[in-house]
Amino acid sequence: MKQFFFGILLAISLGSAALAQQAPKKPKLVVGIIVDQMRQEYFYRFADRFGEGGFKRFTQQGFMMTNGHYNYIPTYTGPGHASVYTGATPSTHGVIGNNWYVPSLKKMIYCAEDSLVSNVGGTPDNGKISPRNLLTTTITDELRLSTGKRSKVVGIAIKDRGASFPAGHTGDAYWYDDANGDWMTSTYYKQTLPSWVVNFNEKKRPDHYLSQTWKTLFPVETYVNSLPDHNDFESPFIGKDSPSFPYDLTALKAANGGYGLVPSTPFGNSLTLDFAYAALEGEKLGLGEVTDFLAISFSSPDYIGHRFGPSSVEVEDNYLRMDRELAQFFTYLDQKLGKGEYLVFISADHAVADVPQYMMNERIPAGNFNSGMVLGQLKGFATTHYGEGDWILSFSNEQIFLNHALIREKKVDAEKMQRDLANFVLGFAGVKEAYTASDLRKQEFTQSRAHLLQMGYNHKASGDVLLALEPAWLVGGKRGTTHGSGYSYDTHVPIAFYGWGIKAGKSSSYASVTDIAPTLAALLQIRMPNGTTGQPIQAVIGN
Ligand SMILES: [Zn+2]
């Protein structure tokens, strides 16, 4: 009898050993790279001066979806990071803007703010950060949950929202404190800073970068795919008359935010990678028994792009420098983990519009939308037609928020009021379409701007009337630019994979950024995030 049991046990243990051998091999590490404000076209426009080991790893050795887009409005940083990592749009994950109006609080809130937590390291004003407003799991959460939380997840970015949403609810997040130059976290994540973060901060890397001068990598006259270095569409730094090279950071720092100046230059990318190396070493990422995840977001390209516009020498130089630094980073990972042992994806949280004034100078229809003026007119219209009262609580993210308490008190037909205001606002130059919340709740739109607005529309948090502006119209001044629309210049972003499990190739089939997380889930053989609306990209994962 004893022998019989022993035999069964032997068979079971042999069976599980065989199973363990057959268990799918997984990557040691996933590296998620989000480049804040990167257009897909930058892969091509700057390619002749890219090296072999940086961005070209994605275009030549990786798999690139050349027609990858954001599939909702508004295209901002908070929603962008949330959407890539949840595989869902703001209608599901709840991050409907960088900031949005909350009627019950009668104020705007910040997407990553959390009054219940406080700073760990850094300064108090920059520490009330967590992913509390994110309503669904991320791919990084699912990785942690699938391994009994043995997988380590670290999210890093200069912008706190670029670190906290990718790290999900269960990972660690670190961001840059522009008040004192340190990397920090909050009590949501940790009660004290790990020693590797303390050691990193002691090196004072931001002081090193603030002693540098930003010069072009190549002679400035060779940046022929960009506008002349000195043009009328860029906003100069404070204390420098012209928006042109070189930029002496020592001279500029006092008037331009001190430590806050670093993020506005390519040295912000260098600093982010410095911290990424420290995280890899400090947390021993990729060296454990299960897959780890390092989520990096490069915030500086966004600051540079806003100030100088996508056709500037500054933006081109930023990408040429990033290419070289990414090449070094991948070489480091090759040596540390082995080529083909780690999986990387690259995307952006949104792209960007050209400077409207530049478009107008080229006789392309464009404009600056004066939202303050329009809000005044909307308020006047509402009181004229519905009587005295504070009918409009907010006009933000191109959405009108009505005063529903007053609507109930005065027994006004809310749907009619939405419709009246939508029709009225269509009369302003720059407004292309206006949809009411009632429209978006009653029917499902499958294409065009109504679909994009609906995917960004959250029943509990969004406004009463949602506008879409004309192409190349945006809220802003005469210099510099922004993003937020559903047009291709804002939605068309990199979606590319490289490394473990990825064959070289490309596809021009449509893909959305919400397909990235389910594609990773398929590759890693783990659950998709719990609000996922995207699909695994078949061209990337095979059949
Ligand atoms: Zn931006």
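Which residues in H12 meet which residues in H13? The legends below, drawn from a predicted model, begin with this contact and then turn to other sites.

**View 1. The contact of helix H12 with helix H13.** From H12, the residues Pro301, Ile304, Gly305 and Phe308 meet Glu314, Val315, Asn318, Tyr319 and Met322 of H13. H13 covers residues 313–337, and its axis comes within 9 Å of that of H12, with a crossing at roughly 160 degrees. Because angles over 145 degrees count as roughly antiparallel, H12 is described as roughly antiparallel to H13. The handedness of this crossing is left-handed. Sorted by class, the contact of H12 with H13 holds 6 nonpolar, 2 polar and 1 charged residues.

**View 2. The zinc ion and its donor residues.** Coordination of the zinc ion comes from two OD atoms of Asp302, from NE2 of His306 and from NE2 of His483, at 2.1 to 2.5 Å. Along the sequence, these donor residues follow the spacing D-x3-H-x176-H. Asp302 and His306 both belong to helix H12 (residues 300–308), where they are 4 residues apart and therefore separated by about one helical turn. The angles subtended by the 4 donor atoms around the zinc ion run from 55 to 161 degrees, so the arrangement is irregular.

**View 3. The contact of helix H4 with helix H7.** H4 spans residues 77–86 and H7 spans residues 160–167; their axes come within 8 Å and cross at roughly 20 degrees. H4 is therefore roughly parallel to H7, since angles under 35 degrees count as such. The crossing in which H4 passes H7 is right-handed. On the H4 side, the contact is made by Thr77, Gly78, His81, Ala82 and Tyr85, and on the H7 side by Arg161, Gly162, Phe165 and Pro166. These residues of the contact of H4 with H7 comprise 4 nonpolar, 4 polar and 1 charged.

**View 4. The contact of helix H15 with helix H17.** The axes of H15 (residues 371–386) and H17 (residues 414–425) come within 11 Å, crossing at roughly 135 degrees. This angle makes H15 oblique to H17. H15 passes H17 in a crossing that is right-handed. Val374, Gln377, Leu378, Phe381, Ala382 and Tyr386 represent H15 in the contact, where they meet Lys416, Met417, Asp420, Leu421, Phe424 and Val425 of H17. In the contact of H15 with H17, the residues divide into 9 nonpolar, 1 polar and 2 charged.

**View 5. The cis peptide bonds that precede Pro74 and Pro246.** Between Ile73 and Pro74 the peptide bond is cis, and its omega is near 15 degrees. Pro74 is placed in the loop that runs between strand E2 (63–69) and H4. The peptide bond from Phe245 to Pro246 is cis, with an omega near -5 degrees. Pro246 lies in the loop between strand E9 (213–214) and strand E10 (247–248).

**View 6. The backbone at Lys106.** Lys106, a residue other than glycine, has a positive phi, near 55 degrees. Where along the chain is the place of Lys106? Lys106 is in the loop between strand E3 (99–102) and strand E4 (107–110).

Note on methods:
Residues numbered from 1 in each chain as written. Predicted model: local features only at pLDDT ≥ 70, side-chain atom pairs only at ≥ 80, totals over all residues. Heavy atoms only, no water. Axes fitted to C-alpha atoms, helices over the stretch in contact; angles between N-to-C directions. Helix = DSSP H or I, 4+ residues; strand = E, 2+ residues; numbered from the N terminus. Parallel < 35°, antiparallel > 145°, perpendicular 65-115°, else oblique. Left-handed = near helix turned anticlockwise from the far one by under 90°. Contact = heavy atoms within 4.5 Å. Nonpolar A, V, L, I, M, F, W, Y, C, P; charged D, E, K, R; others polar. Donors = N, O, S within 2.8 Å, 3.2 Å for Na, K, Ca; no water. Tetrahedral: all angles 85-135°; square planar, octahedral: opposite > 155°, others 65-115°.
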